[in-house]
Amino acid sequence: MNALTDILPARPAVAPPAAHRLSMEAPARFGLLLGPALLLLYWAVLSVTGFLDPHILPAPWTAVTTAIQLIREGRLQEHLAVSAGRAAAGLLLGSVTGVIFALVSGLTLLGGYVIDGLVQLKRGIPILALIPFMVLWLGIGETMKVAVIATSVFFPIYIQTHTALRAIDLRHVELAETLRLSRWQFLRHVVLPGALPGFLTGLRFGATGAWLALVVVEQLNATSGIGYMVTLARNYAQTDVMLVGLVVYALLGFGSDAAVRILERRALRWRRTLGR
Amino acid sequence: MSAAVRVRGLTRRYTLKGVLNGVDLDVAPGEFVALLGRSGSGKSTLLRALAGLDHEAEGSGEIEVPERTSVVFQDARLLPWMRLLDNVVLGLSGRDARAQGQRALAEVGLAGRELDWPHELSGGEQQRVALARALVRAPELLLADEPFGALDALTRVKMHALLRRLSEAHDPAVLLVTHDIDEAILLADRIVVLDAGRLSADIAIRSSDRKEQAPIVRERLLDTLSLGAR
């Protein structure tokens with residue numbers, strides 16, 4: 001007995017919880033801001049030490065002062081409102097059509113043949129390459145701009161939602177059959193929640209795509225919007241205004257992505273995943 | 001008494017698995033029948049046919065099952081995005097559906113867990129929710145496809161007691177597919193053995209002296225099952 005206790009190391013009275021080996025620790029609240037903060041620091045150091053010519057890239061604080069000035073003049077918020085409006089309209093239109101097409105193509109045989117084939121064909125063509133045709137068909141007005149944004153949102157939403165629909169567990173379909181769910185109940189309780197993770201992934205890509213398309217269409221014969229502001233500034237070599245435009249785009253992209261992520265976390269509370 | 005289940009000359013063929021060769025089976029209302037057989041004997045095929053889930057199968061024969069038929073699968077098959085109570089009353093309508101669901105959850109010992117997510121439950125608890133979901137529909141026939149196959153031995157013992165209690169309280173006809181001889185003897189009023197797509201034995205058990213009959217029945221079942229093996 002004594003010999004045994006001598007050989008075996010005493011177990012600690014309170015065993016600590018096991019360390020994570022493959023899973024990860026819970027993320028810190030604002031952990032995502034670390035990368036951007038480091039970049040900002042790097043940029044500031046280069047500007048202060050004079051390594052960075054302000055004509056090539058102005059200092060971060062120049063962006064702030066210029067932004068304040070633009071806001072005082074009322075220009076920034078005016079352009080921002082127009083841009084946000086376009087992006088939101090395109091995002092909404094693209095999401096709704098993307099989901100509807102995914103449902104029709106995922107849940108009906110004929111729809112699958114017709115729609116999915118077309119979508120796969122179209123995937124090879126970059127959306128921006130379609131812009132000349134869009135201009136030809138829809139003119140250079142708001143309709144064309146929203147249509148281009150909606151198109152660039154449509155595809156990721158469609159593809160992700162459709163993939164998720166196809167991956168719905170057959171066992172859940174069997175369950176729905178034995179519970180004698182109606183088509184509508186099946187759609188509402190099994191199909192839509194099952195496809196939701198895919199839709200949200202698509203929405204994240206879609207939101208990013210919306211801003212991208214926005215930049216392009218706003219530099220195309222626009223008379224308002226952040227893109228127009230930047231184009232105008234380029235003509236007058238106002239690097240600080242161009243920089244403000246860039247920062248606004250970055251914030252919008254980052255913000256919309258964060259918003260979708262929050263939405264994702266809320267909507268998918270029932271899931272347990274590595275990334276949490 | 002008219003039968004709860006009536007099967008005549010049932011034949012099923014799948015390209016890959018499961019074959020039934022002219023199965024005749026009657027189950028009386030309230031009767032608890034265990035369907036025993038080795039892997040590949042066709043017992044799951046028979047149950048899936050009764051549950052109306054064999055769309056891909058080819059075959060012939062007659063099947064009559066009651067309007068209200070519930071199925072319990074080997075996995076609990078809860079929808080992970082629905083809280084427990086919503087899982088239990090899925091597809092039910094009517095004002096008191098949720099109250100009934102709550103009662104059913106209490107019956108399987110999960111009162112107060114209505115708002116939990118399925119992933120917060122152990123395997124045994126999940127299977128209890130599946131039982132509640134089946135029973136809240138007041139089935140005339142309960143089809144169970146190895147419902148305890150994935151559970152550990154201790155949990156299984158508890159689930160046996162629960163299933164027996166529930167089937168006595170609700171009195172549906174039960175068809176329990178299992179490969180566990182002792183489970184069949186413990187629970188059933190009647191044991192039928194399926195071998196190579198045919199019924200090869202049909203043994204009634206008197207519930208009054210279940211314990212005394214157990215060794216004899218087990219002997220007979222072992223004979224039937226191992227004879228088929230050769």
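The following exchange asks what lies behind the terms used for this predicted model of chain A and chain B.

Biologist: What are the ipTM and pTM of the model, and what pLDDT does chain B average?

Modeller: The model is a predicted one, and it scores ipTM 0.89 and pTM 0.80. Chain B averages a pLDDT of 89, and 96% of its residues score at least 70. Where pLDDT is low, the predicted coordinates should not be read in detail.

Biologist: Why are α6(A) and α7(A) called oblique to each other?

Modeller: The axes of helix α6 (residues 131-138) of chain A and helix α7 (residues 142-166) of chain A cross at roughly 140 degrees and come within 9 Å. Angles over 145 degrees count as roughly antiparallel, those under 35 as roughly parallel and those from 65 to 115 as roughly perpendicular, with the rest called oblique; α6(A) and α7(A) are therefore oblique to each other. The crossing in which α6(A) passes α7(A) is right-handed.

Biologist: Which residues meet where α6(A) touches α7(A), and how do they divide by class?

Modeller: From α6(A) come A:Ile131, A:Met134, A:Val135 and A:Leu138, and they meet A:Thr143, A:Met144, A:Ala147 and A:Val148 of α7(A). By class, this contact of α6(A) with α7(A) holds 7 nonpolar residues, 1 polar residue and no charged residues.

Biologist: What makes α10(A) and α11(A) roughly antiparallel to each other?

Modeller: Helix α10 (residues 226-235) of chain A and helix α11 (residues 239-267) of chain A have axes that come within 8 Å and cross at roughly 155 degrees. The cut-off for roughly antiparallel is an angle over 145 degrees, and α10(A) and α11(A) are therefore roughly antiparallel to each other. Their crossing is left-handed. On the α10(A) side the contact is made by A:Ile226, A:Met229, A:Val230, A:Ala233 and A:Arg234, and on the α11(A) side by A:Val241, A:Met242, A:Gly245, A:Val248 and A:Tyr249. The classes in this contact of α10(A) with α11(A) are 8 nonpolar, 1 polar and 1 charged.

Biologist: Why is α9(A) described as oblique to α10(A)?

Modeller: The axes of α9(A) and α10(A) come within 8 Å and cross at roughly 50 degrees. Angles under 35 degrees count as roughly parallel and those from 65 to 115 as roughly perpendicular, and the crossing angle therefore makes α9(A) oblique to α10(A). α9(A) passes α10(A) in a right-handed crossing, with A:Leu214, A:Val215 and A:Glu218 in α9(A) meeting A:Ile226, A:Gly227 and A:Tyr228 in α10(A). This contact of α9(A) with α10(A) has 4 nonpolar, 1 polar and 1 charged residues.

Biologist: How do you know that β2 and β4 of chain B stand at the edges of their sheet?

Modeller: The open sheet of 3 strands in chain B has the order β2-β1-β4 with antiparallel pairing. β2 (19-27) and β4 (58-64) each have a single partner strand, so one side of each is left without a neighbour in the sheet. The twist averages 5 degrees from one strand to the next. Strand β1 (residues 5-13) of chain B pairs with β2(B) in the antiparallel sense over 7 bridges, and B:Arg6 stands opposite B:Asp26 in β2(B). Helix α1 (residues 43-51) of chain B lies across β1, β2 and β4 of chain B and runs at about 120 degrees to β1(B).

Biologist: What makes β5 and β9 of chain B edge strands?

Modeller: In chain B an open sheet of 6 strands has the order β5-β6-β7-β3-β8-β9, with mixed pairing. β5 (69-72) and β9 (198-204) of chain B each pair on one side only, which is the mark of an edge strand. Neighbouring strands of this sheet are turned by 15 degrees against each other on average, direction ignored.

Biologist: How do you know that β5(B) and β6(B) pair, and in which sense?

Modeller: Two strands pair if at least two bridges are found between them, and β5(B) and strand β6 (residues 141-145) of chain B have 4 bridges, in the parallel sense. B:Val72 stands opposite B:Ala144 in β6(B).

Biologist: How many residues does each chain bring to the contact between chain A and chain B?

Modeller: The contact takes 15 residues from chain A and 12 residues from chain B. On the side of chain A that touches chain B, α8 (170-178) and α9 (183-218) each supply at least two residues, and the largest share, 6 residues, comes from α8(A). The residues of that side of chain A divide into 6 nonpolar, 4 polar and 5 charged.

Technical notes:
Residues numbered from 1 in each chain as written. Chains lettered and ligands numbered in written order. Predicted model: local features only at pLDDT ≥ 70, side-chain atom pairs only at ≥ 80, totals over all residues. Contact = placed C-beta atoms within 7 Å. Nonpolar A, V, L, I, M, F, W, Y, C, P; charged D, E, K, R; others polar. pLDDT = per-residue confidence, 0-100. Axes fitted to C-alpha atoms, helices over the stretch in contact; angles between N-to-C directions. Left-handed = near helix turned anticlockwise from the far one by under 90°.
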